[in-house]
Amino acid sequence: MIVQSPVKHCADVAIVGAGIMGLAHAYLAASRGLKVVVFERSPRASGASVRNFGMIWPIGQPHGRMHQLALRSRARWVEVLERAKLPYWPEGSLHVVYRDDEAAVAREFTELADDLGYECSWLNADQVLARSQAVKSDGLIGALWSGTELTVDPRATIAGLPGFLHEHFGVEVRFGCAVRAIDLPAVEAGNERWTVDRVIVCGGDDFETLYPETFAASGLTRVKLQMLRTAPQPDGWQLGPALAAGLTLRFYSSFAVCSTLPALRDRIARETPEYERWGIHGLVSQTALGELTLGDSHEYGPCVDIFNREEVDDLILGYIRGFLNAPVMNIAQRWHGVYAKHPEKPYLAITPAPGVRIVTSPGGAGMTLSFGIAEETIQDMGL
Ligand SMILES: Cc1cc2nc3c(=O)[nH]c(=O)nc-3n(C[C@H](O)[C@H](O)[C@H](O)COP(=O)(O)OP(=O)(O)OC[C@H]3O[C@@H](n4cnc5c(N)ncnc54)[C@H](O)[C@@H]3O)c2cc1C
C-alpha cells in the first residue's frame, strides 16, 4: 500500500540504481526521447561500478553472441564518453606470457581468432616491449595483443554521467533516495511518490529488498573481489595497453576454445593451488590520476565476508610483480567489491510484474556489457 505525498512527480521510465547498468539504461531510454528518472539510495553510487578496473573488455567474452554484444556495447561507450567529455584510454590489452604452456594458449587463440571474430595477434617479446614500457622483460616469451579493449576511470565516469544525462536529456537523478515500493503506476522513493509507465531495476547485487521471492528463486550468488591501487605514477609515465597475464587465460571463457588450455589449467592447479583457492588472476589498469588499479580474487557465496584477507592481497601483488614494471608500486588503497552472478546465464532479465524489468548480474563484465545489455532491454520492452 503506497501512501500519497503532496507533490506529484511523473516520468515515462523510472530506473532503480545509478551504477553503470542504471546509467546505461537511462542513456538509452532518454536518447529515445523518454522522460527518465533514476533513483540511487546512496548519496553517490558506491557499488561495483566504482570499485572495478574500468576495463571495457570484449576479449574476455565468449565468441558469438556475447562477444558481439560486448563490441556493440564498446561502440556505445565511445559515443557516450565523447559526448560527455569523459576521459578514456582506447589502448587495447596485452595478455603477457612467461611460460611455454601460457604461450601455447595465447598462440592458439590468435590462430583461431579470425574465424571467431576477434581482432588480435601474437607479439614476440621484443614487439611487446616496443608496445609497453610496463612489462617486465625477464623471461618474457610474448603476448596476446588485442586492440578492442578500452579503459575508463570508474570513479570519474560514474560521478560524471549523471550530470551529462541531466544536462543533455533532462534525466532526473535522485541521490539518497531509496526505492521502497513499486506498484505501477506508483513508485515510492525516499519521501516522494512518482507516477511512471515502466520501471527498470538495476540494483546490482541487491534486488532482494524490492523482490525477495524473485531474488530467492533467481539462482544468483555473490562474488567478492579484493582490489588494490598504487599511488600515482610519475607524470608522463603511461601504462599503455591494460595488462593481463597467464592466469587470466584460464579465467575468461573466451579462451575455452583452446585445446591447449586444460594443460595450463592443470599446471596452475598443481603448482599454485592458492591461486585456484581464491580465484586469483592479475589485471592492471590506469586511472585518470595516474594510479594503477591491481587485482583480483574471487570468493563465491551469498554471504560476503566483510573482512579482507591480507594473504589474498599478498598473492595478487606477488603475481603482478612478476610481470609489471612500474616506477611506483607502493599501495595507497585497498578495498573489495561485490557483484551478483548467475551460474549459467551471462546476465538476468526478469519481469516480476507487468511493466517492471529487473536487469542484473552481468557478473564480472558489467562495465563491458552495460550499454549492450541496455540496448537489449530497451528493445525488448518496446521503449
Ligand atoms: C572489484 C570489481 C572489479 C570489476 N572489474 C570490472 C571490469 O574491469 N570490467 C567489467 O566489465 N566489469 C567489471 N566488474 C563488474 C562490474 O563492475 C559490475 O558488473 C557492474 O558494475 C554492475 O553494475 P550495476 O549497476 O548492476 O551494479 P552497482 O554498481 O552495484 O549499482 C547498483 C546500484 O543500485 C543501488 N540500489 C540498489 N537498490 C536500490 C534501491 N532500492 N533504491 C535505490 N538504489 C538502489 C545501489 O546503491 C547501487 O549504487 C568488476 C566488479 C568488481 C566488484
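Which residues are linked in a network of salt bridges? Hi everyone, let's answer that together. What you have in front of you is a predicted model, and in it R65, R72, R76, E79, E375 and E376 make up that linked network.

A quick reminder for anyone new: side chains of opposite charge can pair when their charged atoms come close. Searching the whole structure turns up 23 salt bridges, and I'd like to walk you through a few.

Let's start inside the network, with E375 and R76. Their closest N and O atoms sit 2.6 Å apart. E375 belongs to helix α11, residues 366-380, while R76 belongs to helix α2, residues 65-84, so this pair ties together parts that are 299 residues apart in sequence. Are these two buried or exposed? E375 is partly exposed, at 21% relative accessibility, and R76 is partly exposed too, at 22%.

Now please find R174 and E192. Their side chains meet in a salt bridge, with 3.1 Å from N to O. Here again distant parts of the chain are linked: R174 is in strand β9, residues 172-175, and E192 is in strand β12, residues 192-201, with their positions 18 residues apart in the count. Both R174 and E192 are buried.

My last pair is D153 and R155, whose closest N and O atoms are 3.8 Å apart. D153 is buried, with a relative accessible area of 3%, whereas R155 is partly exposed, at 26% relative accessibility.

To return to the opening question, the network includes R76 and E375, the pair that joins helix α2 to helix α11. Thanks for listening!

Methods. Residues are numbered from 1 along each chain as its sequence is written. This is a predicted model: local features need pLDDT of at least 70, side-chain atom pairs count only at pLDDT 80 or more; totals for chains, interfaces and linings use all residues. Side-chain values use heavy atoms; hydrogens and water are left out. A salt bridge is a side-chain nitrogen of Lys or Arg within 4 Å of a carboxyl oxygen of Asp or Glu. Helices (H or I, at least four residues) and strands (E, at least two) are DSSP runs, numbered from the N terminus. Buried means under 20% relative accessible area, exposed over 50%, partly exposed in between (1.4 Å probe, protein chains only).
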